[in-house]
Amino acid sequence: MPGIWELADLITPMAIRTAAHLRLADHLAKAPRAASDLAELTATDEDALTRLLAHLVHIGVLERSGDRYHLTDLGDPLRDDHPDGFRAFADPASMIGRGDLALIHLPHSVKTGEAAYPRLYGADFWADARAQAADYDHQMGLDVSADAPDIADAFDWGSLGHVVDVGGGDGTLLEVLLDRFPELTGQVFDQPATAATAARRLERFGPRASAVAGSFFEKVPAKAGGYLLTAIVHDWDEPKSIAILRTVAEAAGPGGRVFVIEKVTGDQVGTRMNLRILVYMTGKERGVTELAALGTTAGLDHVATHASGSMSVVEFRVP
Ligand SMILES: C[S@@+](CC[C@H](N)C(=O)[O-])C[C@H]1O[C@@H](n2cnc3c(N)ncnc32)[C@H](O)[C@@H]1O
């Protein structure tokens, strides 16, 4: 077990994030290189970069032979083309990287219960995410692509006929569901730039798929067989989550079916994500009992909870 100083140390996380930002792994994936060479390629100060490289060697991300550095297995996910997509998440210039830097204002969030992101950047997370939509949508698409097979396994989505993926991002999840359930048709509902990205991704499905722009605080397309909200309510506090669920319930109409999907199993939530989402946007991780109660408070009937892998699908009906 590391000691308290090691646990509290910010150097290692920031060194890795700086390596991600400078794309050091991409330069080293091609060939081992000397510090002078890397300094030129990354337009950095050679002495300062050498100090960074020394720490990356110390923690096992790089190895040094003679005057050249090369990537270790531990450092390999820092390559931009690595399937985990880690480089982009860790880069302080990306939306998620920016969000993580707001953790320096965690004391503010803990004192007030509010997001720290606006305190650091002067704008809320969603305003910045809209301005960097391509980057944010891509990162969310990578995130949900790992969970999509579990979500597809959790329920017979084809039986719903037509679904609206509310806040469906770049269409990654709907794409997986349409491939798995040939009888299903679907629509992504999201903010304008994101809906446009989803429309392009879903083009190959022809009339089976579409994307529509709007706000889930205002109006959602009506009378679908089912409404999916994946990683949506965890972004919002209770009043806002209830407002979203009410908009969806109104669109679904009596007997309508609403599915709240979150990366949680049981009532134990991830402590890291729970703090991260507070700092970013006053969000909250909720266990399945709390999700069921949230839906009930919004006026929905809780029907069942379906679990698959690391995901839970909490199913509601509109009374
Ligand atoms: C955490 S992402 C989840 C995306 C997708 N469901 C997934 O699982 O990858 C939240 C999504 O909510 C969308 N969103 C945020 N505010 C919105 C609003 N007012 N109306 C519609 N969509 C919104 C964002 O654009 C983003 O795609």
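## Exercises on a predicted model

Aspartate 67 is partly exposed, its relative accessible area being 46%. The structure treated in these exercises is a predicted model.

**Exercise 1.** Determine where aspartate 67 lies in the chain, and how many Å separate its C-alpha atom from that of histidine 234.

*Solution.* Begin with the secondary structure: aspartate 67 is placed in the loop that runs between strand 2 (62-65) and strand 3 (68-71). Next take the accessibility, where the class partly exposed covers values between the 20% limit for buried and the 50% limit for exposed; at 46%, aspartate 67 is therefore partly exposed. Finally, turn to the pair of C-alpha atoms: aspartate 67 and histidine 234 are 167 residues apart along the chain, and 48 Å separate their C-alpha atoms.

**Exercise 2.** Find which loops hold arginine 23 and alanine 43, and decide for each residue whether it counts as buried, partly exposed or exposed.

*Solution.* Arginine 23 sits in the loop between helix 2 and helix 3 (24-30), and its phi is positive, at about 55°, although the residue is not a glycine. With a relative accessibility of 35%, arginine 23 counts as partly exposed. Alanine 43 belongs to the loop between helix 4 (35-42) and helix 5 (46-58), and phi is near 55° there, again a positive value in a residue other than glycine. The relative accessible area of alanine 43 is 72%, so this residue is exposed, the cut-off for that class being over 50%.

**Exercise 3.** Describe helix 11 (residues 133-154) by its reach from first to last C-alpha, the place of its kink and its buried residues.

*Solution.* The first step is the length: helix 11 has 22 residues and reaches 29 Å from its first C-alpha to its last, which is close to the 32 Å expected at 1.5 Å a residue. The second step is the course of the axis, which has a kink of about 45° at aspartate 147, shortly before proline 149. The third step is burial, and here Asp147 itself is on the list of buried residues of helix 11, which also includes Tyr136, Val144, Ala148 and Ile151.

**Exercise 4.** Establish how the chain is divided into domains, and explain why the second largest pocket is placed where it is with respect to them.

*Solution.* The protein chain is divided into domain 1 (4-84) and domain 2 (143-317), and the centres of these domains, taken over C-alpha atoms, are separated by 38 Å. The second largest pocket holds about 940 Å³ of space, and its lining is made up of 19 residues, of which Leu7, Asp9, Leu10, Pro13 and Leu103 lie nearest its centre. The elements that contribute two or more residues to this lining are helix 1 (4-8), helix 2 (11-22), helix 7 (95-101) and helix 15 (271-281). Sorted by class, the lining has 11 nonpolar, two polar and six charged residues. Because domain 1 and domain 2 both give residues to the lining, the second largest pocket lies between them.

**Exercise 5.** Classify proline 254, alanine 249 and glycine 295 as buried or exposed, and add one C-alpha separation for each residue.

*Solution.* Proline 254, in the loop between helix 14 (238-252) and strand 8 (257-262), has a relative accessible area of 74% and is therefore exposed; its C-alpha atom is separated by 51 Å from that of isoleucine 16, 238 residues apart along the chain. Alanine 249 is found in helix 14 and, with a relative accessible area of 12%, is buried; between its C-alpha atom and that of glutamate 315, 66 residues apart along the chain, the separation is 12 Å. Glycine 295 lies in helix 16 (residues 288-297) and counts as buried at 0% relative accessibility, while 28 Å separate its C-alpha atom from that of glutamate 183, 112 residues apart along the chain.

Notes:
Residues are numbered from 1 along each chain as its sequence is written. This is a predicted model: local features need pLDDT of at least 70, side-chain atom pairs count only at pLDDT 80 or more; totals for chains, interfaces and linings use all residues. Side-chain values use heavy atoms; hydrogens and water are left out. On a 1 Å grid over the protein atoms alone, a cavity is a set of points where a 1.4 Å probe fits but cannot get out, and a pocket is an open set with protein on both sides within 12 Å along at least five of seven lines; lining residues have an atom within 4 Å of a point. Grid points are joined across faces, edges and corners, and a volume is the space filled by probe spheres set on the points. Helices (H or I, at least four residues) and strands (E, at least two) are DSSP runs, numbered from the N terminus. Ala, Val, Leu, Ile, Met, Phe, Trp, Tyr, Cys and Pro count as nonpolar, Asp, Glu, Lys and Arg as charged, and the others, Gly among them, as polar. Domain bounds come from an automatic or database domain assignment. The expected span of a helix is 1.5 Å times one less than its number of residues. The bend at a residue is the angle between axes fitted to the seven residues ending there and the seven starting there. Buried means under 20% relative accessible area, exposed over 50%, partly exposed in between (1.4 Å probe, protein chains only).
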